[in-house]
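Visitor: I would like a close look at a single part of this protein, with a walk through its surroundings afterwards. Could you take me there step by step?

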Amino acid sequence: MLSKEQLERAKVTKLSENFTLYELIKSDSYPELVEWPSDAVIEKLRNFTMNVLQPLRDKFGALRINSGYRNLVLNKRVGGVGNSVHMIFDKGVEFLGVAADIVPVQAPIIDVFNWAFAHLPIKTAIIYRKK
């Protein structure tokens, strides 16, 4: 669980112009299972945010992050698969990528999907779920 100091630090730690570390590590369902990520994980999150999320934000406006990085315990609790890209990597396992479940606030998801597929380096990482 994040300490009060870590929680405040995560809220002010910028990964890009419009995204904080907190947005990429929080859990609305299980906040008690959120842990401070390693420096290596933070660097992967920063790179992903700068190269994927921020360009989407710049193009389409606000994005809500429903799920970002999950530690092993949090991933299990939410029912994530054992090799979930949300975990980034765990204890030396090969790096698989980074994941964030997003909801565009000001644009249709299909427009965001199409633009991301055409312009961003995430061709195999986009999963589109229509509710």
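How do the residues of the lining of the largest cavity divide into nonpolar, polar and charged?

Guide: Happy to. Please keep in mind that this is a predicted model. The lining of the largest cavity divides into 4 nonpolar residues, 1 polar residue and 2 charged ones. By name, the lining residues are Ile25, Val34, Glu35, Tyr69, Arg70, Asn71 and Leu74. Sorting them by class, Ile25, Val34, Tyr69 and Leu74 are the nonpolar members, Asn71 is the polar one, and Glu35 and Arg70 carry the charged label. The volume of this cavity is about 30 Å³, and the count of cavities of 30 Å³ or more comes to 1.

To place the cavity, it helps to have the fold in mind. The protein has 5 helices and 2 strands, and along the sequence they follow the pattern α-α-α-β-α-β-α. Of the 131 residues, 38% are buried.

One lining residue, Val34, leads us to a contact across the sequence. The C-alpha atoms of Val34 and Val73 are 8.8 Å apart, although 39 residues separate the two along the chain. Val73 belongs to helix α4, and with a relative accessibility of 46% Val73 counts as partly exposed. Helix α4 covers residues 72–77, so lining residue Leu74 falls within that range too.

Just past α4 comes the loop that runs between α4 and β2 (101–104), and Gly97 has its place there. Gly97 is buried, at 13% relative accessible area. The C-alpha atom of Gly97 lies 8.8 Å from that of Phe48, while the two residues are 49 apart in sequence.

A further long-range approach involves the start of the chain. Ser3 sits in the segment before α1 (4–12) and is partly exposed, at 29% relative accessible area. Between the C-alpha atoms of Ser3 and Glu32 the separation is 9.8 Å, with their positions 29 residues apart along the chain.

Now for the charged side chains, beginning with a general point. Side chains of opposite charge can pair when their charged atoms come close. A search of the whole structure turns up 2 salt bridges. One of them joins Asp28 to Lys26, with 3.5 Å between the closest N and O atoms. The two partners sit in opposite settings: Asp28 is exposed, with a relative accessible area of 66%, whereas Lys26 is buried, at 19%. Since the cut-off for buried is under 20%, the 19% of Lys26 falls on the buried side of that line.

The other salt bridge links Arg46 and Glu43, and here the closest N and O atoms are 3.7 Å apart. Both residues lie in helix α3, 3 residues apart, which is about one turn of the helix. Arg46 is partly exposed at 28% relative accessibility, and Glu43 is partly exposed at 46%.

A charge can also be found over an aromatic ring in this model. The charged end of Lys11 sits over the ring of Tyr22, at 5.2 Å from the ring centre.

That brings us to rings facing rings, of which the structure holds 2 aromatic pairs. In one pair, the ring centres of Phe60 and Trp115 are 5.9 Å apart and their planes stand at 80°, so the arrangement is edge-to-face. Phe60 is in helix α3 (residues 39–60) and Trp115 is in helix α5 (residues 109–119), so this pair ties together parts that are 55 residues apart in sequence. Both partners are buried: Phe60 has a relative accessibility of 13%, and Trp115 has 19%.

The other pair is formed by Phe113 and Phe117, whose ring centres are 6.4 Å apart with planes at 15°, so this pair is stacked. Pairing requires centres within 6.5 Å, and the 6.4 Å here satisfies that requirement. Phe113 and Phe117 are 4 residues apart in helix α5, a separation of about one helical turn. Phe113 is partly exposed, at 25% relative accessible area, and Phe117 is partly exposed as well, at 42%.

To return to where you started: the cavity has a volume of about 30 Å³, and among its lining residues are Val34 and Leu74.

Key. Residues numbered from 1 in each chain as written. Predicted model: local features only at pLDDT ≥ 70, side-chain atom pairs only at ≥ 80, totals over all residues. Heavy atoms only, no water. Phe/Tyr/Trp six-rings, centres within 6.5 Å; stacked < 30°, edge-to-face > 60°. Buried < 20%, exposed > 50% of the residue type's maximum accessible area, 1.4 Å probe, protein only. Lys NZ or Arg CZ within 6 Å of the ring centre and 35° of its normal. 1 Å grid on protein atoms, 1.4 Å probe; cavity = no way out; pocket = protein on both sides within 12 Å on 5 of 7 lines; lining within 4 Å. Points joined across faces, edges and corners; volume = space filled by probe spheres on them. Salt bridge = Lys/Arg side-chain N within 4 Å of Asp/Glu carboxyl O.
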